[in-house]
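Welcome! Below are a few short exercises, each with a worked solution to follow at your own pace. Please look over the sequence and the structure before you begin.

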Amino acid sequence: MRQTSLLVLALMLLGCKPAESKTDAAEVREFLTHYFATWSAKDMDGYGGCFHEQARVVFVHQGVPQSQGLTDFLHGQKLSHASTTVPMTEVPTDMKILSDERTAQASVRWKLTKGADITLGTDCFTLIKSPTGWKIMSLVFYND
């Protein structure tokens with residue numbers, strides 16, 4: 001009987017998840033929604049504020065990674081908005097988040113609309129929780 005009780009208790013504990021996990025995932029979802037909203041609103045200061053100062057960004061094109069530091073990446077994003085003749089918006093369409101109280105990983109499917117053109121793709125984030133909130137440590141992204 002004692003072994004059965006211990007087994008039941010062990011199984012119950014395995015099924016328990018810390019409450020922080022759901023809270024952290026909700027905070028990450030909110031942060032990522034903000035990330036996409038700032039980009040779409042051309043709020044490049046707000047967008048840049050989503051990144052940790054040591055962040056790295058990698059664009060994968062035809063299987064070849066092209067890595068950039070944060071300064072170069074943000075400059076390119078500003079130029080993209082400045083040089084387009086039609087508004088661009090990018091919205092998340094699906095988020096998969098794995099998080100704890102210090103770090104998170106997220107895979108986010110997105111849709112970029114530029115005039116009549118639509119591009120689909122994926123962003124893979126590694127985030128760190130800083131004293132001021134979540135920050136992007138690395139971003140790997142690609143288009144379909």
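Two strands count as paired if DSSP finds at least two bridges between them. Keep in mind that this is a predicted model.

**Exercise 1.** Work out the order of helices and strands along the sequence.

*Solution.* Start with the totals: the protein has four helices and six strands. Next, walk along the sequence, and the pattern reads α-α-α-β-β-α-β-β-β-β.

**Exercise 2.** Find how many bridges join β3 to β4, and in which direction the two run, parallel or antiparallel.

*Solution.* First, locate β3 at 88-99 and β4 at 103-114. Between them lie three residues, and the two strands form a hairpin. Now count the bridges: there are 11, and the strands run antiparallel. For one such pair, look at Ser99, whose bridge partner in β4 is Ala104.

**Exercise 3.** Describe the largest pocket, beginning with its volume.

*Solution.* The volume is about 460 Å³. The lining consists of 24 residues, with Trp39, Phe73, Gln77, Ser80 and Phe141 nearest the centre. Sort the lining by class and you get 12 nonpolar, nine polar and three charged residues. Then ask which element gives the most: α4 does, with five residues. Other elements that supply at least two residues each include α2 (19-40) and β6 (133-143).

**Exercise 4.** Find what share of the residues is buried, and what area the protein exposes.

*Solution.* Of the 144 residues, 32% count as buried. The exposed area is about 9200 Å², and carbon and sulfur atoms supply 58% of it.

Methods. Residues numbered from 1 in each chain as written. Predicted model: local features only at pLDDT ≥ 70, side-chain atom pairs only at ≥ 80, totals over all residues. Heavy atoms only, no water. 1 Å grid on protein atoms, 1.4 Å probe; cavity = no way out; pocket = protein on both sides within 12 Å on 5 of 7 lines; lining within 4 Å. Points joined across faces, edges and corners; volume = space filled by probe spheres on them. Nonpolar A, V, L, I, M, F, W, Y, C, P; charged D, E, K, R; others polar. Buried < 20%, exposed > 50% of the residue type's maximum accessible area, 1.4 Å probe, protein only. Areas by Shrake-Rupley, 256 points an atom, 1.4 Å probe, with all protein chains shown as cover.
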